[in-house]
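Biologist: Could you walk me through reading a few features of a model? I'd like the general idea and then the actual case.

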Amino acid sequence: MTCALNKALLGVTLALALTGAAPAAAQAVFQEAGASRTLAVAKDKSAAFRLARPAGEIVVAQPDMIQIVAQTDRSFYIRGKALGQTTILVYDRNKRLSEVFDVRVGYDTEAIRADIAQALPGEKIQVRNVATGVMLTGDVSTSSIANRAKVIAERYAPEAVTNALNVAVADQVILEVRVVEAGRTVMNDLGFGLQAANNSGFVFAAGNGLIGASPPAGVLGISTNIGTTRIDLSLEALEEKGLVRTLARPNLVAMSGQEASFLAGGEFPFPIPVDENTVAIEFKPFGVKLDFTPVVQDNGLIRLKVAPEVSQLDPRQSLRVSGIDIPSLSVRRAATTVELRDGESFAIAGLFQQDYANSLRQVPGVGNIPVLGALFRSSQFRKNETELVIIVTPRTSAALPGRTPPTDPLMASAEPSAIDLILMGVNEKPPAAAPAKPRKKRRS
């Protein structure tokens, strides 16, 4: 579109072209003449520029990116509206191309640099626009300073900051984790069975023993005859106790400010119906999972964001989909942020879970009779208790040059030959000794 300026501006016209094909061709023609300039404008701010000769028409390739305000036929203001890059073509009063401007709209790097310099004095940090983001370069003393500079820059450019700062002393954090889970299971199952029959065909039966599918640990049976009637009475009892203890000891190393993760467990196939006759398979992880992000502060404290998770397959809560039994997951998850000194430990405890369930099977009516009704019912109760404790110890470690590499644990043994394995029954052999170096003879 074209808008006429007032008469004081000598009839200069600003034409805003919505397509980029014509400006590109005009720019190529103008570059052959050898005159081009680049303008950098901060988003939501203005910048002034002046032309070498009076303008008759100005064409903007992308008018939704910048706004031009004319003061005279030679001086103008550009306001950045959106991030990106566009082209301005300036024509004189004879419709000839006189100047071309490449305009880049970016973030206000001067304001970012000023705030960083005020918050982090003495640090050599440069800020510049890169594409539609901001890049931080230079040298800083610690990784904590680098993280703080990035946080300040992200206030201006959210999720658009590239941290390319060089850290003089790179802090590494070793995280020692102990995950302990204890599970206790108690189950009591008591069942009665009663059967009476005579030769006339009369049969009476009550109870079928234990409720659960496990075989009884003890059975008491009584058989007697009352006239022609035979009576069989049985008592089945079962008590189960169990203790499960799980221990995981993952050790992780991460740079200060970087996230690290650990998973000790596995993956199980999870079917997902795609259509009526198609089922896709995805794998879901389970086990002991740990995500943590350490940040070494300037005062030596370690700010640690920890998110541990312990999960296991639970076939009791399985789901059947398309003829496939899918087990569920029993998950324990926690997330916290703490500050610790080097070598201090903290524990996440109290993750306690208790399940209680009971079942009764009885003959209606008769089973409700006190005392005597116990002969006509079976009972079962189950109690599960699990407790999870997570102990975390962060330690700082600086990478020092000249350290000897750790020994290879596989070098402590060698693979046996077929004869040693079959005839001698040796599945591990000591490594062959390295040949001794010949000694140099001393000159007399």
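Biologist: Which element gives the most to the lining of the second largest pocket?

Modeller: One thing up front: this is a predicted model. To read a pocket, go through its lining residues and see where each sits. Here α3 gives the most, with six residues. The elements that give two or more residues to that lining are α3 and β12 (161-169).

Biologist: What is the volume of the second largest pocket, and how many residues line it?

Modeller: The volume is about 350 Å³, and the lining is made of 16 residues. Nearest the centre lie Asn147, Asn163, Ser256, Gly257 and Gln258. By class, the lining has seven nonpolar, six polar and three charged residues.

Biologist: Back to α3. How far does the helix reach from its first C-alpha to its last?

Modeller: For a helix, set the end-to-end reach beside the span expected from its residue count. Helix α3 covers residues 143-156, 14 residues in total. Its reach is 21 Å, close to the 20 Å expected at 1.5 Å a residue.

Biologist: And which residues in α3 are buried?

Modeller: Ser143, Ser144, Ile145, Ala146, Ala149, Ile152 and Ala153 are the buried ones.

Biologist: Let's do salt bridges. How many does the count come to?

Modeller: Eleven salt bridges. For each one, look at the N to O distance, then at where the partners sit, then at their accessibility. Take aspartate 73 and arginine 93: their side chains meet in a salt bridge at 3.3 Å, N to O. This pair links distant parts of the chain, 20 residues apart, with aspartate 73 in the loop between β6 and β7 and arginine 93 in the loop between β8 (84-91) and β9 (97-106). The two side chains are also joined by a polar contact of 3.3 Å.

Biologist: Is aspartate 73 buried or exposed, and why?

Modeller: Aspartate 73 has 10% relative accessibility, so it counts as buried, the cut-off being under 20%. Arginine 93, with a relative accessible area of 49%, is partly exposed, because exposed means over 50%.

Biologist: What else can I look up around aspartate 73, say its distance from glutamate 57?

Modeller: You can put sequence separation beside spatial separation. Aspartate 73 and glutamate 57 are 16 residues apart in sequence, and C-alpha to C-alpha they are 9.5 Å apart in space. As for the loop that holds aspartate 73, it runs between β6 (66-70) and β7 (75-80).

Biologist: Which residue forms a salt bridge with arginine 96?

Modeller: Aspartate 92 does, with the closest N and O atoms 3.4 Å apart. Aspartate 92 is buried at a relative accessible area of 10%, while arginine 96 counts as exposed at 52% relative accessibility.

Biologist: How about glutamate 282 and lysine 284: how far apart are the closest N and O atoms?

Modeller: They are 3.8 Å apart, and the pair forms a salt bridge, because the cut-off is within 4 Å. Glutamate 282 counts as partly exposed, at 39% relative accessibility. Lysine 284 also counts as partly exposed, at 31%.

Biologist: Last one, a strand residue. Where is valine 219?

Modeller: Valine 219 is in strand β15, residues 218-226. With a relative accessible area of 57%, valine 219 is exposed. Try the two separations again: valine 219 and leucine 238 are 19 residues apart in sequence and 9.1 Å apart in space, C-alpha to C-alpha.

Methods:
Residues are numbered from 1 along each chain as its sequence is written. This is a predicted model: local features need pLDDT of at least 70, side-chain atom pairs count only at pLDDT 80 or more; totals for chains, interfaces and linings use all residues. Side-chain values use heavy atoms; hydrogens and water are left out. Helices (H or I, at least four residues) and strands (E, at least two) are DSSP runs, numbered from the N terminus. Buried means under 20% relative accessible area, exposed over 50%, partly exposed in between (1.4 Å probe, protein chains only). A polar contact is a pair of N or O atoms within 3.5 Å; within protein, one must be able to donate a hydrogen and the other to accept it, and residues adjacent in sequence count only if both atoms are side-chain atoms. The expected span of a helix is 1.5 Å times one less than its number of residues. On a 1 Å grid over the protein atoms alone, a cavity is a set of points where a 1.4 Å probe fits but cannot get out, and a pocket is an open set with protein on both sides within 12 Å along at least five of seven lines; lining residues have an atom within 4 Å of a point. Grid points are joined across faces, edges and corners, and a volume is the space filled by probe spheres set on the points. Ala, Val, Leu, Ile, Met, Phe, Trp, Tyr, Cys and Pro count as nonpolar, Asp, Glu, Lys and Arg as charged, and the others, Gly among them, as polar.
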